[in-house]
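Q: I'd like a close look at a single part of this model, plus a sense of what else is going on around the chain. Can you walk me through it without skipping the cut-offs?

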Amino acid sequence: MAAIEKRSRNEWQELDKNHHLHPFTDHKQLHEQRSRIITRAEGVYIYDADGNKILDGMSGLWCVNAGYGRQEIIDAATVQMNELPYYNSFFQCSHPPAIELAAMLNELSQPQFNRVFFAGSGSESNDTIVRMVRTYWDLMGQPERHTIISRNNAYHGSTVAAASLGGMKSMHKQSGLPIPGIVHVDQPHWFASDRSLSRDEFGIAAARSIEEKIKEVGPESVAAFIGEPIQGAGGVVVPPDSYWPEVQRICDEYGILLISDEVITGFGRLGEWFGADYFSTRPDFMAFAKGVTSGYLPLGGVFVSDRVADVLIEKGGEFFHGYTYSGHPVSCAVAIANLKLIQRENLVARIKDDIGPYLQSKWHALADHPLVGDTRMVGLMGAFEIVKDKDSLECFDKERRAGTICRDHLLGNGVCMRAVGDTVICAPPFVLSHSEADELIETTWKALDLTQQALSV
Ligand code: PXG
């Protein structure tokens with residue numbers, strides 16, 4: 001029995017316009033253009049209310065890693081709904097899905113991680129980390145250590161603390177953020193720099209800006225550094241190889257906690273289980289969400305290292321923090337089914353050895369197009385830059401909106417990607433076949449040609 005009314009596209013658009021406020025949306029503009037109504041999905045394809053079939057080059061919103069329509073994930077939700085649709089993990093209670101998932105997550109993660117705290121989203125996970133980091137240093141007898149260093153253009157979520165950790169100026173401006181005790185340094189984005197340094201020199205310099213900030217704030221006041229292994233929403237910013245080892249050195253030298261925000265990079269996106277594995281860092285916290293359930297249900301959480309967890313447990317007393325849906329049983333059951341599927345189908349190794357290299361080589365060949373100034377892709381997380389001049393790498397002026405034009409041509413030809421300024425970004429599901437990868441690339445060439453035509457008039 002379907003719970004959702006069947007209506008025409010127009011009717012849904014009208015209801016949507018009148019009643020639904022969307023995230024990160026200019027509503028005036030949306031109402032002029034009308035929303036795109038997605039009605040169903042299968043494999044790597046989504047279908048809109050007009051029946052258009054679109055290859056989902058963004059895995060929903062960086063999350064549907066296992067692809068759509070995976071029956072065993074759906075069955076796991078149904079079975080758990082019947083067994084125990086909800087119970088909390090407050091007041092000395094627990095339930096098998098949360099227990100089993102916590103144990104499974106610790107098996108998948110680096111040895112310093114033996115405990116997880118569950119949340120409902122990536123934003124809630126990062127808010128949890130802010131509170132745990134500060135509580136940890138209080139318990140360590142260093143209550144002045146409350147400052148967390150993050151990076152410009154980072155995205156860590158939309159709640160007040162997570163948006164403060166993020167480095168998006170437009171978000172800060174709208175609501176008086178960041179909250180006190182959060183400071184930002186530059187992102188390790190070589191392409192966006194003046195490119196006077198080699199990539200590796202630039203990576204070291206970007207990491208050293210953290211050290212400079214530590215000295216400026218005072219090492220005794222700095223609690224932690226947070227970073228996405230590869231910045232996602234900011235435009236798939238792949239740091240130079242030299243960056244993360246230097247960041248790890250700095251955190252070690254000053255005794256600062258390292259937080260790896262794995263909301264996008266966690267659970268295989270880079271061809272390793274976590275971005276920290278890919279870049280060989282040893283974080284004290286990892287935030288996760290999205291791919292843990294392949295987006296089939298909301299779930300987030302925090303891996304807490306023994307360094308922190310032992311102190312919280314031994315000295316902390318009650319930690320006054322938690323969510324109604326911390327460890328929601330159905331979300332946890334879905335996560336277990338999803339992770340087992342990823343393991344059984346060897347999807348992480350497939351990204352490392354098969355579909356990752358396959359798509360990457362074709363992606364990098366896009367650099368032969370006259371509009372493409374830079375390409376990058378790690379695992380199945382990539383971007384290309386649209387430029388006006390390939391030699392100088394000069395960009396089109398902002399009003400030309402080259403990235404958006406290209407994104408629209410992609411969509412018009414059946415592939416969904418995202419534009420961040422003039423950067424076009426891509427993160428397809430892990431189950432992408434070779435022929436689907438070919439389709440994605442062929443459509444990208446076509447969209448680039450159409451963009452070139454549009455920009456030359
Ligand atoms: N950390 C990272 C690294 C993220 O990418 C969050 C935290 C917050 O997660 P929740 O579950 O609270 O949304 C994210 C989310 C985009 C886009 O346009 C990216 C995200 C969310 C919405 C849009 O690229 N990432």
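A: What follows starts with one sheet, then turns to the domains, a pocket and some backbone oddities.

Some bookkeeping: this is a predicted model, with local features needing pLDDT of at least 70, side-chain atom pairs counting only at pLDDT 80 or more, and totals for chains, interfaces and linings using all residues. Residues are numbered from 1 along each chain as its sequence is written, and side-chain values use heavy atoms, with hydrogens and water left out.

Now the sheet. Four strands make up an open sheet, ordered 1-2-3-13, with mixed pairing. At the edges sit strand 1 (38–42) and strand 13 (415–416), each of which pairs on one side only. Here strands (E, at least two residues) and helices (H or I, at least four) are DSSP runs, numbered from the N terminus, and two strands pair if DSSP finds at least two bridges between them. In general, strands of a sheet pair through backbone hydrogen bonds, either parallel or antiparallel.

Both senses turn up around strand 3. Strand 2 (residues 45–48) runs antiparallel to strand 3, with three bridges, and Tyr45 stands opposite Leu55 in strand 3. Their hairpin has four residues between the strands, and there Gly51 takes a positive phi near 85°. Strand 3 (residues 53–56) also pairs with strand 13, in the parallel sense and over two bridges. Leu55 has Val415 as its bridge partner in strand 13, while Asp56 has Cys416.

Zooming out, the chain splits into domain 1 (36–69 + 354–456) and domain 2 (72–344), with bounds from an automatic or database domain assignment. Their C-alpha centres are 27 Å apart. Across the interface, 30 residues of domain 1 are in contact with 31 residues of domain 2, contact being heavy atoms within 4.5 Å. The two bury about 2200 Å² between them, 64% of it from carbon and sulfur atoms; buried area is the accessible area (1.4 Å probe) that two parts lose on being put together, summed over both. On the domain 1 side, Trp62, Val378 and Met381 supply 30% of the area buried against domain 2, more than any other three residues.

Then there's the second largest pocket. A pocket is an open set of points on a 1 Å grid over the protein atoms alone where a 1.4 Å probe fits, with protein on both sides within 12 Å along at least five of seven lines; lining residues have an atom within 4 Å of a point. Of its 29 lining residues, Ser89, Val116, Phe117, Phe319 and His321 are the closest to the centre. Helix 5 (96–108), strand 4 (113–119), helix 6 (122–139) and helix 12 (306–315) each supply at least two lining residues.

Last, the backbone oddities. Leu177 and Pro178 are joined by a cis peptide bond, with omega about 0°. Arg34 isn't a glycine, yet has a positive phi of about 75°; Arg34 is in the loop between helix 2 (27–33) and strand 1.
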